[in-house]
Amino acid sequence: MGISQGPGPTHQGSGPSRRFLLAGMGTAAASAALTACSVPAPPRRTTATADPMPGKAISIARHDRLMQILAHPDDDMYFMNPDAQRMMDSGTPLVCVYVTAGEATGINVVAGQPHPLPDKPAYSSARHQGLRQAYAVQLGLAPFTRWQKSVVTLRGGHRAEIDTLVRGSRRVELIFLNLAMHTSRGRLGLPSLWADRGLSLRTVVAEGSPLEEAEAYTYDSLVDVLTGLLAQYRPTVVHTLDPDPDIQHSPNAVRRKDSEQVGYSDHADHTATASFSWAAMVRWVAEATRGKGEVPAFVTTAFRGYYNRHWPKNLSPGVLARKAANLLPYGGNEAWECGNTGGCGDYNVGIGRPLTNKKGWVRSTHYRYPGPRPCLAAAPDGRLIGYGVLGLRAVRWRETSPGSGQWGPPHDLGGGPLAPSLGAAALKDGRQLLFALRFSAIAGHGAANTREIVLLQQRTPGGEFAAWTGLGNPESDPERGRRAGVPVAVTDRAGQVHLFVRNAAQSISTRVRSTAGNWSPWRDLGGGQIQDGMSATVDTAGLVHVFASGRDTVHHWCQTVPGGPVALLPDPLLPLPGDVPTAVAAPDGGVDVYYRRPATAVTTHVHLGGAHPGAGPAGPALLGQDDRGRVQLLLNGKVLRRTDGVVPLEGAAVLAEGARASGSPGGPTVAGLGPGALPWLWRPVRDV
């Protein structure tokens, strides 16, 4: 298939609170030749920079498309399913970009047999073949189905192998950039390319590839190539790895066995690839919006990597079985006759090993930025309002008329580049406050790489917003500050707004806005280590409660008196959580907490406090997705499921009936985003 040459490919066959206008920061041949080489350090490149000013036009996507940017062959299988599989099943075309060759030591390990001699081109080729086998099976085809293999020309004249498979309206494209992997043996690789100026990194030519010559990449050329692919394919959903993994200090022997980088809970290639991915997305939006250009309408999900090993497993047996089944054809078997001279898969992964691997990566799927997409509110005229992130920028959707169930076009609120989920709270007078985690700088080569929490406040109820305001970061050290989580906010009965953020110590930090509009300093609430994805609510007595899933229990912080500080409560140990909690104020003055325990699809319900300690579940409360990916809502003691419409992305939100103006349709309203980066609505009272 031919694609015209242009911006993309052509086929050949922290600190104190301050007020400011955010200024984004732009990002500045034999196959055996696998090491990086030094070149004279070039001058810093001047590129398009992120413009956080609001009011830009937003493009409307014509077609759904998912793009995944991976470090290694198998990152998609281990960390991004079942999400990607569900979108593929719905007909969403998929483009996977593999940044490294995945060649590692060049040894394709066969369990129980002597190790073969290292052969990096062959091992890279075998892993590519494993991907072709896995995606053929996911499309419902035989594993050895023939793919169209060709060479693609990218920005700057770079070339890469591209493999394409089509079945009806479903399409998968695999693009192999094939940069050399980073290893624990000190060889320079992708992390060094991100960190060091004046470095050029060569690629690996996989055995049997239609691309027969090695390439060399610099920092800027890799960002450019990824930017060009984004601009060419214009994905509506982008999957990345985690640019800011948790701090994790494991003994050296354990760290090496787990393939984790020093000090952090992930592979160094994952972090570098995610950083390059976010730098490319920022550059894409900046280039697209120069002059009077439109913001590309896409949403992003960043997935945790080796983090999965360190926390309770969150996939049910049914979801896990299908996820692991996708890895079996990827792993393949040395006895298969697949027609690929380099090998028929990544043998160490085949023959049931995904479920016996003690690292347990396959048993969880965790999001780096969990939260509602979109946040919901009600306008004074009864229309529903949704706030979310499109093109790394905050946007607002309005219902076309009260109760219509139809969204109008998105309105740009600026502020980018932002993480995918927003926090929201309303003042007592009805003015809306939006909170976001902002990539205040995302650049390599020793340049700034920082995060901060930012605020957008409405001037009048239902009216326009003032300028974005910086609220700093719970951490004073920029490297620790990169670990900040998604902001969660709630307003207590006295009118104070409580802001909560997961910090680098994996606990909770808070700032409080007084009724006079002044913000307190950041304060660490202490307690055990928790996962991101907190849930906050206010009970009928006006007390704020915050819940978060830990390694052994669900932790609980709350006020003991109205208007007082939030503090850790010594609750009795709650059952071990496998996923994030949902907390809802109960009519009897208590709080209902819902969550799934590890490795189960069954929801656990705990009723804390209140006049009726044994009260049963009532709702309304979102219960996540079932094994088929359908959104679940508990309403009047009954679990309802959304069975129609587009496939939902993670992060649906619910607005209770009492939060809307009189005259609006009865019952709660649920909203979310689909693969086309468009919001959907579900009013489940019609299903009761």
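Author: Contact here means heavy atoms within 4.5 Å. Keep that cut-off in mind, and keep in mind too that this is a predicted model.

Reader: Fine. Which residues does Pro370 touch, leaving out those up to four places away in sequence?

Author: Pro370 touches Ser421, Val486, Asp532 and Gly533. The proline lies in the loop between α9 (353–356) and β13 (375–378).

Reader: Is Pro370 buried or exposed? And how far is Pro370 from Leu422 in space?

Author: Pro370 is buried, with a relative accessible area of 14%; the cut-off for that word is under 20%. Pro370 and Leu422 are 9.5 Å apart in space, C-alpha to C-alpha, with their positions 52 residues apart in sequence.

Reader: Let's turn to rings. How do I read an aromatic pair?

Author: A pair of aromatic rings is described by the distance of the centres and the angle of the planes. Searching the whole structure gives 18 aromatic pairs. Take Phe79 and Tyr306: their ring centres are 6.1 Å apart and their planes stand at 55 degrees, so this pair is tilted.

Reader: Where do Phe79 and Tyr306 lie?

Author: Phe79 is in helix α1 (residues 75–79), while Tyr306 is in the loop between β12 (299–302) and α8 (317–331), so the pair ties together parts 227 residues apart in sequence. Phe79 and Tyr306 are both buried. They also belong to one aromatic cluster, formed by Tyr78, Phe79, Tyr306 and Trp361.

Reader: What about Trp194 and Tyr219?

Author: Trp194 and Tyr219 make a tilted aromatic pair, at 5.5 Å centre to centre and 45 degrees between the planes. This pair links distant parts of the chain, with Trp194 in helix α4 (residues 190–195) and Tyr219 in helix α5 (residues 219–233), 25 residues apart. Both Trp194 and Tyr219 are buried.

Reader: Which charged ends sit over the rings of Trp311 and Trp680?

Author: For Trp311, the charged end of Arg551 sits over the ring, 3.8 Å from its centre. For Trp680, Arg642 has its charged end over the ring, 3.8 Å from the ring centre.

Reader: On to helices. How should I read two that pack together?

Author: Two packed helices are described by the angle between their axes and the distance between the axes. Try α5 and helix α7 (residues 268–288): the axes come within 8 Å and cross at roughly 60 degrees. That angle makes α5 oblique to α7. The crossing of these two, α5 and α7, is right-handed.

Reader: Which residues make the contact between α5 and α7?

Author: On the α5 side they include Tyr219, Leu222, Val223, Leu226 and Leu230. On the α7 side, Phe276, Ala280, Met281 and Trp284 are among them. You've met Tyr219 already, as the partner of Trp194 in an aromatic pair.

Reader: And how do α3 and α8 cross?

Author: The axes of helix α3 (residues 120–138) and α8 come within 7 Å, crossing at roughly 135 degrees. The helices α3 and α8 are therefore oblique to each other. Their crossing, α3 with α8, is right-handed. In α8, the residues that meet α3 are Asn326, Pro329 and Tyr330; among their partners in α3 are Arg127, Leu131, Ala134 and Val137.

Reader: Now the backbone. Where do I look for cis peptide bonds?

Author: Look at the omega angle. The peptide bond from Asn81 to Pro82 is cis, with omega near 15 degrees, and Pro82 lies in the loop between α1 and α2 (83–89). Another cis bond runs from Arg373 to Pro374, where omega is near 5 degrees. Pro374 is in the loop between α9 and β13, the loop that also holds Pro370.

Reader: Which phi does Asp74 have, and where is Asp74 found?

Author: Asp74 has a positive phi of about 105 degrees, although it is not a glycine. Asp74 is in the loop between β4 (66–70) and α1. At 10% relative accessibility, Asp74 counts as buried.

Reader: What is the case for Asn178?

Author: Asn178 isn't a glycine, yet its phi is positive, at about 65 degrees. Asn178 has its place in strand β8 (residues 170–179). With a relative accessible area of 5%, Asn178 is buried.

Technical notes: Residues numbered from 1 in each chain as written. Predicted model: local features only at pLDDT ≥ 70, side-chain atom pairs only at ≥ 80, totals over all residues. Heavy atoms only, no water. Phe/Tyr/Trp six-rings, centres within 6.5 Å; stacked < 30°, edge-to-face > 60°. Helix = DSSP H or I, 4+ residues; strand = E, 2+ residues; numbered from the N terminus. Buried < 20%, exposed > 50% of the residue type's maximum accessible area, 1.4 Å probe, protein only. Lys NZ or Arg CZ within 6 Å of the ring centre and 35° of its normal. Axes fitted to C-alpha atoms, helices over the stretch in contact; angles between N-to-C directions. Parallel < 35°, antiparallel > 145°, perpendicular 65-115°, else oblique. Left-handed = near helix turned anticlockwise from the far one by under 90°.
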